[in-house]
Amino acid sequence: PQKIYLKDYTPPAYAVKKVDLDICLYEQQAIVSSRLEMTRQAAGELVLLGRDLQLQQVSVNGEVLSSAQFRLDSESLTLIDAPDRAIVETKVIIKPQTNTTLEGLYQSGLDDEMMFVTQCEPEGFRKITFFPDRPDVLSEYTTRLEAPKTFKTLLANGNLVEAGEVGDDRHYTIWHDPTKKPSYLFAAVIANLQVLQDHYTTSEGRKVLLELYAVSQDIDKCHVAMQALKDSMKWDEDNYGRAYDLDRYMIVATSQFNMGAMENKGLNIFNTSCVLSSPETATDERSFNVKAVIAHEYFHNWTGNRITCRDWFQLCLKEGFTVFRDQSFSGDFRSKAVQRIEDVAILRSAQFAEDAGTLAHPVRPESFVEINNFYTATVYEKGAEIVRMLANLLGKEKFRQGTDEYFARYDGQAVTVEDFLSALSVADERVLAFMPWYRQPGTPVLSGGVQYEQDKVVVRLAQKTRHVPNYDAPVALPIPVDTAIFDSNTGQLLAEKMLLLTTDSAEFVFDGIQLSEGGHPVVSVLRNFSAPVRLEFDYSDEDLVRLVSFETEGFNRWQAMQTLVNRWLFGSFDNVDSIAGLLKTVTDELLDCDPMLAARLFDVPSQKELAMAYDSDYDPVAVKARRDEFIKLIACALADKTTTWYQALPIQAYEDTPLARGRRLLRNVLLDLRLLAGDAAAEQDVYYQYDNATCMSERLGAFTAIINHDLGKKSLYIANFYEKFANEDLVIDAWFNAQALSSRTSIDDIAALMQRQDYDWNTPNRVRTTLGALAAKPVQLWTQQGMALYLSAVERLDGSNPLLAARLLSALARWYTLGDDTKAMAQSNLEQLKQKVQSKNVLEFLDNMLTV
Ligand code: B3K
Ligand code: ZN
């Protein structure tokens with residue numbers, strides 16, 4: 001397959017001023033007619049991209065073209081000797097009913113719930129009609145949709161301008177979107193949906209109609225999303241001065257979707273899992289995620305839609321910035337420390353692993369075969385971390401000055417990362433030095449230590465980034481290191497400063513540090529995780545213990561605990577009682593005021609995260625055994641406290657507040673520890689919690705415990721849970737996932753789950769419940785049987801949904817770190833897969849993965 005390079009970018013030969021699109025849906029197919037007003041703006045042929053389209057007719061300026069006047073292949077339609085001004089009209093037939101790729105226009109759901117939705121980012125519009133389908137072609141769209149009246153919901157971007165009937169059985173709507181947009185933001189929905197409506201008046205006085213569309217049984221689960229949308233609109237006005245620009249904002253929920261959601265202009269399309277929420281059916285975690293995704297897609301209206309990407313290499317321009325914005329938004333609705341802990345946990349487990357493996361790439365890649373393969377944790381999460389570093393460096397006011405400049409300068413344009421930095425640099429020129437962060441793959445390792453003499457404290461810092469094959473030798477990056485100094489005796493905060501390491505190594509001097517009698521400075525670095533690096537700072541064990549008790553910044557308090565846990569797991573610290581003692585003190589302290597943070601302090605790095613410590617000879621069985629041993633020791637050491645704490649958190653009437661959510665999470669953590677410690681009363685408490693649950697967090701917490709600990713009434717509860725929620729697909733997803741995740745569930749059991757009637761291979765949410773779980777269980781995954789099951793699924797999906805297939809495959813990118821025998825087994829499985837697959841998505845990943 002062909003590789004595309006950033007350095008080869010050329011502007012489009014033709015601009016498309018206006019697009020008129022007409023989509024007529026019939027039982028077996030759809031007929032799409034389009035009219036494009038094109039004008040030449042650079043040298044080159046008039047090329048329209050199209051895939052899986054049956055061309056019926058093409059005309060230019062009213063004249064139907066003969067086959068000698070165009071060239072047609074599987075990817076494009078080239079008009080020979082096209083005039084500089086051309087009205088190009090095409091008519092094509094497409095088959096949304098059999099389109100399982102979930103790209104372009106496709107059918108989602110069956111019977112009553114059957115609907116047709118679009119997914120055009122990044123290159124799906126070319127599966128609907130012939131078009132210069134690239135983000136730097138911005139046009140004004142008018143869309144006509146026609147379908148049988150059984151589909152009463154006909155939606156497209158913008159404002160509704162007309163609706164009417166066609167004969168007795170069919171009807172149509174016409175929509176006009178006044179904003180110029182790239183084709184990837186086009187959307188259409190043909191469905192039979194209920195709608196929840198509300199209004200929002202913007203800071204500019206525009207009254208906006210807000211609409212959430214879902215199938216009738218789900219419409220009552222749209223209230224969380226509606227509130228989130230209003231909160232997001234207000235937040236973007238308050239924090240970035242950005243108001244919404246159309247009279248209507250619509251969100252449609254669909255059950256078959258490849259990712260979370262899509263920010264189509266004025267008509268977002270959402271995976272049901274990221275929009276539906278009710279206390280009975282969604283855990284607190286999922287409900288909070290709904291809020292975050294609603295915010296993310298809404299924020300794209302400015303960062304992505306009004307200012308878009310010049311080409312797909314610039315994807316992080318919209319995604320990194322928008323993730324940073326949604327993380328900041330979420331942090332304003334809960335404890336900032338907990339938000340940061342969760343964001344960093346995701347960064348570490350997904351992005352650091354990617355950066356350390358065969359699929360490592362820069363935040364702004366320089367080449368790709370399949371752009372869908374680059375919607376990665378690196379582009380999104382590391383991209384967000386770069387923007388966060390810039391925001392912190394500039395401070396609130398200057399960052400706002402910089403973003404104001406960005407919006408003013410580039411509104412309505414398709415731009416690059418360089419443009420972004422250039423706009424921000426009006427506030428502070430140091431911004432420009434961050435460009436290498438976008439170009440250089442690999443996670444920097446930040447090391448260092450402390451020396452002191454009287455009142456002078458010297459912090460030494462050094463950085464090193466691995467040389468990723470096929471890239472230039474790494475250069476030193478600007479690394480902001482938020483640092484504090486505490487007194488070891490009194491715990492008093494003596495100094496705080498943002499250090500900026502710009503060279504391979506440097507020393508930073510703090511003068512006038514007043515220590516207590518016999519005290520020494522306890523230095524806390526990288527507070528709030530001020531840069532996306534791996535920290536190897538030579539803290540003493542005693543100082544880490546001190547930091548857990550007196551660090552005032554919540555993230556580093558958690559981090560100090562994590563570092564101790566890691567040291568125990570890797571054998572350099574053996575005092576488990578001291579960890580248990582700390583947990584005892586902090587839980588007592590936080591139980592009433594911040595139970596969420598208390599719960600997070602019990603975190604133990606996942607098996608996948610621990611695997612990252614090995615570049616060779618990784619032994620999943622040993623890693624899991626060591627991890628299990630640790631948790632068991634902690635559970636036993638705290639046995640006298642966990643029951644007391646659990647009882648101090650009785651089930652109460654459901655409330656959706658940070659405090660109530662924290663109590664629910666901590667209760668579930670404690671339940672698990674009690675069962676591990678063999679607490680005799682715990683089993684009854686689990687059943688009680690399940691039977692009396694006021695919400696899904698309580699119920700699923702108990703259900704998971706029943707399964708993980710193989711409790712006596714397990715089969716009874718598995719049946720009960722299924723029966724209670726048989727009509728709720730997302731809850732049944734949780735039912736599959738809880739079973740598949742348990743270490744007591746064998747590979748055969750997982751395979752059996754995947755044989756069930758209700759295991760639907762066309763619904764990515766369902767597919768991920770089992771395969772995502774298997775990927776999270778390295779002990780099972782890295783066996784011949786585990787890999788056979790996993791890769792047979794990838795092979796099967798390679799034909800029907802290559803996006804999903806490639807995404808699943810990417811979880812295996814660090815296969816080469818396994819011990820010799822397992823590694824050979826993994827390699828031969830991957831090589832065999834390569835003989836059987838076809839999609840460029842899967843092939844590109846396999847090629848990269850097998851090059852070590
Ligand atoms: N922009 C979309 C992602 C599209 C992914 C296509 N494979 C969702 C988002 O980031 O908001
Ligand atoms: Zn996004």
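Trainee: Which residue in strand 18 stands opposite L196?

Mentor: This is a predicted model: local features need pLDDT of at least 70, side-chain atom pairs count only at pLDDT 80 or more, and totals for chains, interfaces and linings use all residues. Residues are numbered from 1 along each chain as its sequence is written, while chains are lettered from A and ligands numbered from 1 in the order in which they are written. Strand 17 pairs with strand 18 (residues 207-214) in the antiparallel sense, over eight bridges. Opposite L196 in strand 18 stands L212.

Trainee: Which are the edge strands of the open sheet with the order 17-18-19-21-20?

Mentor: Strands here are DSSP runs (E, at least two residues; helices are H or I, at least four), numbered from the N terminus. Two strands pair if DSSP finds at least two bridges between them. This sheet has five strands and mixed pairing. Pairing on one side only marks its edge strands, strand 17 (194-201) and strand 20 (261-262).

Trainee: Which strands are at the edges of the eight-stranded open sheet?

Mentor: Its order is 6-5-9-3-2-12-15-14, again with mixed pairing. Inside that order, strand 5 (residues 54-60) and strand 9 (residues 85-94) run antiparallel, joined by six bridges. There S59 stands opposite E89. The two edges, each pairing on one side only, are strand 6 (63-64) and strand 14 (159-166).

Trainee: How is R35 classed: buried, exposed or partly exposed?

Mentor: R35 belongs to strand 3 (residues 30-40). Count the other C-beta atoms, placed from the backbone, within 10 Å of a residue's own: 20 or more is buried, 12 or fewer exposed, in between partly exposed. R35 has 15 such neighbours, so R35 counts as partly exposed.

Trainee: Which residues does R35 touch, leaving out those up to four places away in sequence?

Mentor: Contact means C-beta atoms, placed from the backbone, within 7 Å. Sequence distance can mislead you here: R35 and V88 are 53 residues apart along the chain, yet their C-alpha atoms are separated by 5.7 Å. With that cut-off, R35 touches D20, I87 and E89.

Trainee: Which residues form the uncovered face of strand 8?

Mentor: In a regular strand, side chains alternate between the two faces of the sheet. Strand 8 (residues 76-79) has L77 and L79 on the covered face. Its uncovered face holds S76 and T78.

Trainee: Through how many residues does a hairpin join strand 7 to strand 8?

Mentor: Strand 7 (residues 70-72) pairs with strand 8 in the antiparallel sense, over three bridges. L72 of strand 7 stands opposite L77. The number of residues in the hairpin joining them is three.

Trainee: At roughly what angle do the axes of helix 3 and helix 5 cross?

Mentor: Two packed helices are described by the angle and the distance between their axes. Axes are lines fitted to C-alpha atoms, for helices over the stretch in contact, and angles run from 0 to 180 degrees between N-to-C directions. Under 35 degrees is roughly parallel, over 145 roughly antiparallel, 65 to 115 roughly perpendicular, and the rest oblique; helix 3 and helix 5 are therefore roughly perpendicular. Their axes come within 7 Å and cross at roughly 70°.

Trainee: How many nonpolar residues are in the contact of helix 3 with helix 5?

Mentor: Ala, Val, Leu, Ile, Met, Phe, Trp, Tyr, Cys and Pro count as nonpolar, Asp, Glu, Lys and Arg as charged, and the others, Gly among them, as polar. The contact includes L315 and F324 of helix 3 and Y380 and R388 of helix 5. Three of its residues are polar and three charged. The nonpolar ones number 10.

Terms used: Two residues are in contact if their C-beta atoms, placed from the backbone, lie within 7 Å.
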